[in-house]
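Biologist: I am new to this protein and would like to go through it slowly, one question at a time. Could you show me the sequence and the structure before we begin?

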Amino acid sequence: IVLALGFFDGVHRGHQAVIVAARAEADKRGLPLAVMTFDVHPAIIYRGVPASSVKHLSPRPRKIELMAHFGVDLLYFIHFTPAFSKLPPQAFVDQYLVGMNAAVVVAGFDYTYGKRDVANMVTLPEYAKGRFEMITVPKTVDAGQKVSSTRIRKALDEGDVDLANHLLGYPYQTS
């Protein structure tokens, strides 16, 4: 598979850049495009943010719809627990990326899989040990700022739906 990694809340234009890069690589190789994401926002585990205070741009059913819309063949939700968050980087790579038979792993420039300073896209080749290729997607910027779920949530909180839609790349909806 070609495996795209991220939390993908909102599946905004930055996330779409990751998916587009992964889709292009999957098509080039004749492989399915898989996305691995999490069922719990990492801030809940890493920063102890109460789950009730996390506002998701795309709850699970909407994320599934968006992933299908953007051409994802396989979507994996990993149960994100405190134990999972403590997996050493090598174990994460061995058990998940290699374990899922990834030929290529695609993620954004700021993707981490553990402690930010030791488990990131810069250090991934060290843990990959030549078992798969990697594509790092650069930051998506709009009006001089990173396109991010946080920025979109702020726009929605402030009633700026036009900006949220622009950053998402599609009209925001909720149910």
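Modeller: Here they are, and please keep in mind throughout that this is a predicted model. Let us begin with a single glycine and work outwards from there.

Biologist: Is G114 buried or exposed, judging by its relative accessible area?

Modeller: The relative accessible area of G114 is 14%, and a residue needs to be under 20% to count on the inside of the cut-off. By that criterion G114 is buried.

Biologist: Where does G114 lie, and which residues does G114 touch, not counting residues up to four places away in sequence?

Modeller: G114 is placed in the loop between strand 4 and helix 6. The C-alpha atoms of G114 and P138, which are 24 residues apart along the chain, are separated by 20 Å. Once residues up to four places away in sequence are set aside, the residues that G114 touches are Y46 and A119.

Biologist: Which residues touch the most other members in the largest nonpolar core, and which element gives the most to this core?

Modeller: The largest nonpolar core has 30 residues, and those touching the most other members are L3, F92 and L97. The elements that give two or more residues to this core are strand 1 (2-5), strand 2 (33-38), helix 5 (89-98), strand 4 (104-108) and helix 6 (124-128). With four residues, the element that gives the most to this core is helix 5.

Biologist: Which residues is F92 in contact with, leaving aside its neighbours within four places in sequence?

Modeller: F92 is one of the residues that touch the most other members of the largest nonpolar core. In soluble globular proteins, nonpolar side chains tend to be buried together. With the neighbours of F92 within four places in sequence left aside, its contacts are M36, F84, L87, L97, Y111 and Y113.

Biologist: How many residues are in the other core that lies apart from the largest one?

Modeller: Apart from the largest nonpolar core there is another core, whose members include F8, A26, A155 and A164. The number of residues in this other core is 24.

Biologist: How are helix 7 and helix 8 oriented to each other?

Modeller: Two packed helices are described by the angle between their axes and the distance between the axes. Helix 7 (residues 149-157) and helix 8 (residues 161-168) pack with their axes 7 Å apart and at an angle of about 160°. Their crossing is left-handed. Angles over 145 degrees count as roughly antiparallel, and therefore helix 7 and helix 8 are roughly antiparallel to each other.

Biologist: Which residues meet in this contact, and how do they divide into nonpolar, polar and charged?

Modeller: On the side of helix 7 the residues are R151, I152, A155 and L156, and they meet V161, L163, A164, L167 and L168 in helix 8. The residues of this contact divide into eight nonpolar, no polar and one charged.

Biologist: Which elements do the buried residues of helix 7 pack against?

Modeller: The buried residues in helix 7 are S149, R151, I152, R153 and A155. An α-helix has 3.6 residues a turn, so residues three or four places apart point the same way. The elements that the buried residues of helix 7 pack against are helix 1 (13-29), strand 6, strand 7 and helix 8.

Biologist: Which residues does S149 touch, not counting residues up to four places away in sequence?

Modeller: S149 lies in helix 7 and is buried, with a relative accessible area of 11%. Among its contacts is H15, a residue of helix 1 that is itself buried at 14% relative accessibility. Not counting residues up to four places away in sequence, S149 touches D9, H12, H15 and L57.

Biologist: Which residue that is not a glycine has a positive phi in the loop between helix 6 and strand 5 (133-137)?

Modeller: Most residues other than glycine have a negative phi, and most peptide bonds are trans. The loop between helix 6 and strand 5 holds a residue that counts as exposed, at 56% relative accessibility. Its phi is near 55°, a positive value, and the residue is K129.

Definitions and conventions:
Residues numbered from 1 in each chain as written. Predicted model: local features only at pLDDT ≥ 70, side-chain atom pairs only at ≥ 80, totals over all residues. Heavy atoms only, no water. Core = buried A, V, L, I, M, F, W, Y, C linked by side-chain atoms within 4.5 Å. Buried < 20%, exposed > 50% of the residue type's maximum accessible area, 1.4 Å probe, protein only. Contact = heavy atoms within 4.5 Å. Axes fitted to C-alpha atoms, helices over the stretch in contact; angles between N-to-C directions. Parallel < 35°, antiparallel > 145°, perpendicular 65-115°, else oblique. Left-handed = near helix turned anticlockwise from the far one by under 90°. Nonpolar A, V, L, I, M, F, W, Y, C, P; charged D, E, K, R; others polar.
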